[in-house]
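Subject: Handing over the structure, with notes on what was found

Dear colleague,

I am passing on the structure below, together with an account of what a look through it turned up. Please read the notes with the coordinates open beside them.

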Amino acid sequence: ISHCDWYGVTCTEEDDDDDNKGVRAIELMDNNLDCVDPPLPSSVFTLRQLRTLDLGGNDVDVSFPDLTGDGSDDNDNNNDDNDNDSDGGRTKKLRYLRLNRASVTDITGINTTIGPGLRSLDLADNWLEGRWPSEVSSSNFPKLMNLD
């Protein structure tokens, strides 16, 4: 069975040449997922066509790996039609990240994982601990950020 037939997974019509082809959205909110041991694979952030990741209402241990690479050949103009799919290694097409009510405790490194195209970040009702990461600033993240 193709990953495009899985529950909660939406694919694009385009066909890439790699295993990440076509995954446009993963929407598994309120599905009683337990991604703590083992944690959510960080490779989810390397899905080149991913625009929406919604894991809200689940128990999710998520880490944000440094995917910046050197990015020397990438020109980021934040355009949906841009042929470059990543900024270094970061996904540039991810627009909506919803991890509300997901038991997230740490977002360190989020800016090195998520590209500058993010429009909505929902981290409401989590257990964030420690200092707010310095890389998360108003200039780097979307206008629509829910942290209640």
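I begin with the strand pairing, where β2 and β4 run alongside each other in the parallel sense over three bridges, with alanine 25 standing opposite threonine 52 in β4. Strand β2 also has a partner in β1, which covers residues 9-11, and here the pairing is antiparallel, again over three bridges; in this case valine 9 is the residue that stands opposite isoleucine 26 in β2. Please bear in mind throughout that this is a predicted model.

As to the overall make-up, the secondary structure of the protein chain comes to one helix and ten strands, and the order of the elements from the N terminus on is β-β-β-β-β-β-β-β-α-β-β. Of the 148 residues in the protein chain, 41% are buried, and the chain exposes about 8400 Å², of which carbon and sulfur atoms supply 43%. If one takes the contacts between residues at least 6 apart in sequence, 58% of them join residues at least 24 apart.

Two salt bridges were found. In one of them, aspartate 54 pairs with arginine 98, and the closest N and O atoms are 4.0 Å apart. Because aspartate 54 lies in strand β4 and arginine 98 in strand β8, this pair ties together parts of the chain that are 44 residues apart in sequence. The two partners differ in their surroundings, since aspartate 54 has a relative accessibility of 8% and counts as buried, whereas arginine 98, at 26%, is partly exposed.

The other salt bridge joins arginine 101 to aspartate 30, with the closest N and O atoms 3.0 Å apart. This pair links distant parts of the chain, 71 residues apart, given that arginine 101 sits in the loop between β8 (96-98) and α1 (110-113) and aspartate 30 in the loop between β2 (23-27) and β3. Arginine 101 is partly exposed, with a relative accessible area of 38%, and aspartate 30, at 46%, is likewise counted as partly exposed.

Those two residues deserve a second look for their backbone as well. Most residues other than glycine have a negative phi, and most peptide bonds are trans. Aspartate 30, although not a glycine, has a positive phi of about 55 degrees, and arginine 101, also not a glycine, has a positive phi of about 50 degrees. There is, in addition, a cis peptide bond between aspartate 37 and proline 38, with omega at about 10 degrees; proline 38 is found in the loop between β3 and β4.

Turning to the cysteines, a search of the whole structure finds one disulfide, which is formed by cysteine 4 and cysteine 11, with their sulfur atoms 2.1 Å apart. The torsion about its S-S bond is about -95 degrees, and the disulfide is therefore left-handed. Cysteine 4 counts as partly exposed at 31% relative accessibility, while cysteine 11 is buried, its relative accessible area being 18%. Cysteine 35 is buried too, with a relative accessible area of 17%.

Which arrangement do the rings of phenylalanine 45 and phenylalanine 64 adopt? A search of the whole structure finds one aromatic pair, and in it the ring centres of phenylalanine 45 and phenylalanine 64 are 5.4 Å apart with their planes at 40 degrees, so the pair is tilted. Phenylalanine 45 lies in the loop between β3 (34-35) and β4 (52-54), and phenylalanine 64 in the loop between β5 (59-60) and β6 (86-87), so the pair ties together parts that are 19 residues apart in sequence. Both phenylalanine 45 and phenylalanine 64 are buried.

One last residue to look at is leucine 118, which is found in the loop between α1 and β9 (120-122) and is buried, with a relative accessible area of 7%. Its C-alpha atom and that of tyrosine 96 are separated by 6.2 Å, although leucine 118 and tyrosine 96 are 22 residues apart along the chain.

With best regards

Definitions and conventions: Residues are numbered from 1 along each chain as its sequence is written. This is a predicted model: local features need pLDDT of at least 70, side-chain atom pairs count only at pLDDT 80 or more; totals for chains, interfaces and linings use all residues. Side-chain values use heavy atoms; hydrogens and water are left out. A disulfide is a pair of cysteine sulfur atoms within 2.5 Å. Buried means under 20% relative accessible area, exposed over 50%, partly exposed in between (1.4 Å probe, protein chains only). Rings of Phe, Tyr and Trp (its six-membered ring) pair if their centres lie within 6.5 Å; planes under 30 degrees apart count as stacked, over 60 as edge-to-face and the rest as tilted. Helices (H or I, at least four residues) and strands (E, at least two) are DSSP runs, numbered from the N terminus. A salt bridge is a side-chain nitrogen of Lys or Arg within 4 Å of a carboxyl oxygen of Asp or Glu. Contact means heavy atoms within 4.5 Å. Accessible areas come from the Shrake-Rupley method with a 1.4 Å probe; for residues, only the protein chains shown count as cover. Two strands pair if DSSP finds at least two bridges between them.
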